[in-house]
Amino acid sequence: MEEFHKVRRLPPYVFEQVNRLKASARAGGADIIDLGMGNPDLPTPQAIVDKLCEAVRDPRTHRYSTSRGIPGLRRAQASYYQRRFGVKLNPETQVVATLGSKEGFANMAQAITAPGDVILCPNPTYPIHAFGFIMSGGVIRSLDVVPDDSFLLALERSMRHSIPKPLALILNYPSNPTSYVATLDFYKEVVAFARKHEIIILSDLAYAEIYFDDAPPPSVLQVPGAIDVCVEFTSMSKTFSMPGWRMGFAVGNERLISALTRVKSYLDYGAFTPIQVAATAALNGDGSDIAEVRSIYKRRRDVLVDSFGKAGWNVPPPPATMFAWAPIPEPFKHLGSLEFSKLLVEKADVAVAPGIGFGEHGDEHVRIALVENEHRIRQAARNIKRFLSTVKDGGGGDNVVSLSARR
């Protein structure tokens, strides 16, 4: 039977190909060091877990919750934005809780997109940024992901040559997968552009608290006038090691928040109330949990860069996020990121995410997630060193063919 229309619009899920190979290797007894999925391994702080347990014992919390988030949670998110960014938000009209930033993006796409609407999207980027709109009937026009003058020039070209005029621009800094960080001056230029051309900005700030220097990443909403055109999405998944809890937020322009809230009201009853209560306590905390998570990822980053470099694979140190965006070693570039990722599973017992899964412009890189402890990261480096040495001894990478070609 013919595939359904929306399913036909989606490409094959390339990460699943690596996942199948990884599962097969593990079934055969291999010890796969999984640096692929950005699935935090750190436990949720005990105080947050304790608050969940306390709330769940109250039978009143077992009923349907509210899709937009309980009032205390929305107030806590508004307070966080005031403390962290100096941005004042009305928790009644400018904040809505989401089931993670991914759900927020997907439902915002449902709320604002008409068939054929043009969306400006960085490439490479986190898949939902593009495919949320593709599933909603939109058309993606790709931009370079580097937040510099070339990005701004590409915006101007897109406005001149896109028919119809673009509806929205997606931003994601710190970037998943590239880890690029935008400056406030960059945001000022982008906001001025959006206001001039009357387009929407949708900013994914999921990694605002995972940074490794003394300059915390800014919010686009810090720019005067940004709230007239912008909604920003955040997540508690990485900041508080709460990925399975599925708790995030959308904040910003009242009209856009109202549209998202209305769509969500038809689709869900919100997160389980005890989760919202625990999330409120986390946001109202003293920030020590965030600082500890940040320091752990920084140590892992340093170990990764050092040990992989000694193994013969130079990985640029990411300034933020829990990912390294690593160029494929020169002898293997002809394979592309998917086949190289498969080869690492097969020959080095290491899993990474192929860059092609984040867009065609990511195919010369792989994404390495900092989701194993320092000992396991060093073990991965030793495995990769052995693998690279066998290729070198065999005369270089020209004798390496893709797994699919061998079949």
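**Exercise 1. Work out how the lining of the second largest pocket divides by residue class, then describe the pocket.**

Start with the split: the lining holds 6 nonpolar, 2 polar and 5 charged residues. Here Ala, Val, Leu, Ile, Met, Phe, Trp, Tyr, Cys and Pro count as nonpolar, Asp, Glu, Lys and Arg as charged, and the others, Gly among them, as polar. A quick caveat: this is a predicted model, where local features need pLDDT of at least 70, side-chain atom pairs count only at pLDDT 80 or more, and totals for chains, interfaces and linings use all residues. Residues are numbered from 1 along each chain as its sequence is written, and side-chain values use heavy atoms, leaving out hydrogens and water.

Next, the volume: about 170 Å³ for this second largest pocket. Of its 13 lining residues, Tyr 80, Arg 83, Glu 209, Gly 287 and Ile 290 are the closest to the centre. (A pocket is an open set of points on a 1 Å grid over the protein atoms alone, where a 1.4 Å probe fits, with protein on both sides within 12 Å along at least five of seven lines; lining residues have an atom within 4 Å of a point. The volume is the space filled by probe spheres set on the points, which are joined across faces, edges and corners.)

Last, the helices (DSSP runs of H or I, at least four residues, numbered from the N terminus). α4 (71-85), α10 (273-283) and α11 (288-311) each supply at least two lining residues, and α4 gives the most, with 3.

**Exercise 2. Find the angle at which α5 and α6 pack, and list the contact residues.**

Helix α5 (residues 100-112) and helix α6 (residues 127-135) pack at about 30 degrees, their axes 8 Å apart. (Axes are lines fitted to C-alpha atoms over the stretch in contact, and angles run from 0 to 180 degrees between N-to-C directions.) The pair is therefore roughly parallel, a label for angles under 35 degrees. As for contact (heavy atoms within 4.5 Å), α5 brings Lys 102, Phe 105, Ala 106, Ala 109 and Ile 112, while α6 brings Ile 128, His 129, Gly 132 and Phe 133.

Technical notes. Angles under 35 degrees count as roughly parallel, over 145 as roughly antiparallel, 65 to 115 as roughly perpendicular and the rest as oblique.
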